[in-house]
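Subject: Structure handover

Hello,

Here is the structure I promised to pass on. Please open it beside this email and follow along.

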Amino acid sequence: MLDIRLEDPAISGQTLQQQLHQGLVDAILEGRLPSHEPLPSTRDLAAALKVSRNTVVLVYQRLLDDGYLTAVWRRGHFVNEQYIRQQLRLSVDTRTASLFSPQRDPELWNRHLRFRPSEARNIVKPANWRDFPYPFIYGQVTADKATISRWRDSMRLAGSLAHSQSWVGDQVDADDPQLLEQIITRILPHRGLRAHPEQLLITIGAQNALFLVGQLLAGPGRTVGVENPGYVDARNIFGATGADIMPLPIDSEGLANSKQLADCDMVYTTPSHQCPTSVTMSLDRRLQIVERARADDFILVEDDYEHELNYLGHHRAALKSYDNSGHIIYIGSLTKLMFPGLRIGYILADSELIKELRAVRRLNYRHPSSQDQRAMALFIGEGHLDSHLRRTRDRLSEKWQIMQTELSRQLPEIHVTATTGGSAVWIVLPDGVDAWSVHREAARRGVLVEPGDVHYLDEANAPRNRLRLGFAAIDKSQIPAGIAQLRDAIMAAMAQKDKETAAP
């Protein structure tokens with residue numbers, strides 16, 4: 001009898017039918033099934049595995065359709081020996097590699113690499129963040145079961161024959177017209193924006209949008225202004241092009257209207273919730289920055305992430321909504337607050353620029369997955385994205401209030417940056433308290449926090465007492481206990497510093 005073990009679908013993540021299909025394919029390709037003997041009958045195999053006979057029938061039929069099996073009347077199902085021989089002939093003979101010197105050149109990549117992006121300063125997030133009882137980590141979300149179910153339905157519908165023509169072929173450099181329509185009619189109006197299809201480009205997330213913009217508009221001889229502290233990946237993306245990176249000051253209203261703006265060819269800003277402080281740019285400041293872009297002739301890149309997460313006051317219209325001169329490039333994400341791993345974003349800009357960005361994108365990867373685009377169009381069209389954002393806003397608003405209350409109650413000696421929303425809190429520790437020491441002490445207590453010095457351009461002079469506490473991934477019931485553990489970590493770090501200072 002076949003040695004196939006089936007697990008509970010809730011544990012394995014695969015249906016019984018999928019597990020059986022994979023088990024049989026593995027057995028066939030590994031040669032564990034002799035071609036001259038029939039496979040067990042569907043009735044016998046079903047009884048042995050304790051599954052329905054229909055499950056086995058469907059799997060056998062799929063294997064017949066795919067060429068792994070052949071059916072012989074009155075004898076049963078056999079491994080298709082001719083098919084397997086074809087598969088085996090695909091193996092590549094690498095013995096000729098032994099003709100060449102086995103010595104590896106240790107300087108090979110030092111000579112050929114123009115730069116090493118892996119050496120750029122970046123945020124380090126442990127892959128096992130879910131193992132921490134108190135993950136105050138930014139950029140991760142808790143699973144929304146209703147949204148997962150509805151996204152699965154949208155993907156299933158997008159994969160149907162009725163929608164298959166939208167994704168089976170190579171779309172070259174085109175985007176799904178239904179998704180463009182949904183963005184224009186359902187997404188942009190909430191930001192005070194209007195657009196035509198030729199002004200939009202779909203990207204693999206907002207970060208990919210920044211990369212495309214950097215490829216086209218940054219580079220040697222160009223000066224790109226970034227908020228300081230600011231979004232680390234944007235700084236690294238623009239810096240990797242060879243552009244000069246200029247730090248721009250921020251204040252309680254976000255990007256400051258500073259004199260340095262006039263020296264920039266391009267400026268990157270996060271006005272809805274400044275990264276990493278989460279402050280929101282005021283209306284007056286927005287109008288000032290828009291006017292500066294026009295008057296000083298620099299391109300303004302508006303990354304409008306977390307636009308939906310305002311808990312106090314009204315949502316602000318996008319900077320792009322005040323743009324009459326074409327100087328502003330608007331970047332948005334459709335999946336950041338839903339499934340960060342899905343990666344669907346877009347760029348709104350003048351059609352002349354979009355034409356060039358589309359050509360750059362074609363050189364990179366032609367276009368994002370057309371099936372994902374159609375699924376997102378269906379997801380938005382059926383109102384599922386709006387429902388998800390409402391649930392997310394309600395859930396995070398409650399967590400935000402708990403964070404404010406517990407930080408004020410348990411850590412009155414720290415400074416909490418005032419915000420109107422977002423999914424993280426930016427705090428300033430007492431003078432002399434090192435955030436990395438707190439990070440290590442907190443980790444020992446099951447608390448995951450993010451030191452803030454990496455967000456500053458000048459590593460040597462970056463303040464060492466900043467922390468960013470994300471709260472989207474932590475259960476609200478765990479926040480008070482997590483803050484208590486963080487308080488103990490801060491006290492331990494302070495005690496260790498006092499001990500080191502007192503030592504002769």
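Below is what was found, taken topic by topic. Please keep in mind that this is a predicted model.

**The eight-stranded sheet**

Start with the open sheet of eight strands. Its order is β4-β11-β10-β9-β8-β5-β6-β7, and the pairing is mixed. The edge strands are β4 (200-203) and β7 (254-255), each of which pairs on one side only. Helix α9 (residues 205-217) packs on this sheet. It touches β4, β8 (266-269), β9, β10 and β11 (345-348). The direction of α9 makes about 155° with that of β10.

Within the sheet, look at β9 (residues 299-303) and β10 (residues 328-333). They run parallel and are joined by four bridges. D303 stands opposite I331 in β10.

**The four-stranded sheet**

There is also an open sheet of four strands. The order here is β12-β13-β16-β15, with antiparallel pairing. Strands β12 (415-416) and β15 (450-451) stand at the edges. Each has a single partner strand, so one side of each has no neighbour in the sheet. Two bridges hold the antiparallel pair β15 and β16. E450 has R468, in β16, as its bridge partner. Helix α14 packs on the sheet and touches β12, β13 (424-428) and β16. Its direction makes about 20° with that of β13.

**The hairpin**

Strands β1 (residues 69-72) and β2 (residues 76-79) run antiparallel, with four bridges between them. The bridge partner of A71 is H77, in β2. The two strands form a hairpin, with three residues between them. In the turn, R74 has a positive phi of about 70°.

**Helix α14 and its residues**

Back to α14, which holds H388. Is H388 buried or exposed? It counts as buried, at 2% relative accessibility. Leaving aside residues up to four places away in sequence, H388 touches D144, T147, L337 and M338.

Further along α14, the side chains of E406 and R409 meet in a salt bridge, 2.6 Å from N to O. These two are three residues apart in the helix, so about one helical turn separates them. Their exposure is worth a look. E406 counts as buried, at 10% relative accessibility. R409 counts as exposed, at 55%. D144, R391 and R395 are joined into one network by salt bridges that share partners.

**Other salt bridges**

How many salt bridges does the structure hold? The count is 27. Two more are worth finding on screen.

R156 forms a salt bridge with D153, and the closest N and O atoms are 3.0 Å apart. Both residues lie in helix α7 (residues 145-158), three residues apart, or about one turn of the helix. R156 is exposed, with a relative accessible area of 52%. D153 counts as partly exposed, at 38% relative accessibility.

The side chains of D323 and K320 meet in a salt bridge as well, at 3.1 Å from N to O. Both D323 and K320 are buried.

**Helix α16**

Does the length of α16 fit its residue count, or what span should it have? Helix α16 (residues 479-502) has 24 residues. At 1.5 Å a residue, it should span 34 Å. Its end C-alpha atoms are 34 Å apart, which agrees.

The buried residues of α16 are I479, G482, I483, A484, L486, A489, I490 and A493. What covers them includes β3 (134-135), α14 (384-410), α15 (435-444), β14 (447-448) and β16 (466-470). Both α14 and β16 thus appear here again.

**Cysteines**

How many disulfides does a search of the whole structure find? It finds zero. Take C264 as a case. Its sulfur is 18 Å from the closest cysteine sulfur, in C275, which is too far for a bond. A disulfide needs the two sulfur atoms within 2.5 Å. From the other side, C275 is in no disulfide, and the nearest cysteine sulfur is that of C264. C264 is buried, with a relative accessible area of 3%. C275 counts as buried too, at 4% relative accessibility.

Over to you.

Best wishes

How values were computed
Residues numbered from 1 in each chain as written. Predicted model: local features only at pLDDT ≥ 70, side-chain atom pairs only at ≥ 80, totals over all residues. Heavy atoms only, no water. Buried < 20%, exposed > 50% of the residue type's maximum accessible area, 1.4 Å probe, protein only. Expected span 1.5 Å × (residues − 1). Contact = heavy atoms within 4.5 Å. Pairing = 2+ DSSP bridges. Axes fitted to C-alpha atoms, helices over the stretch in contact; angles between N-to-C directions. Salt bridge = Lys/Arg side-chain N within 4 Å of Asp/Glu carboxyl O.
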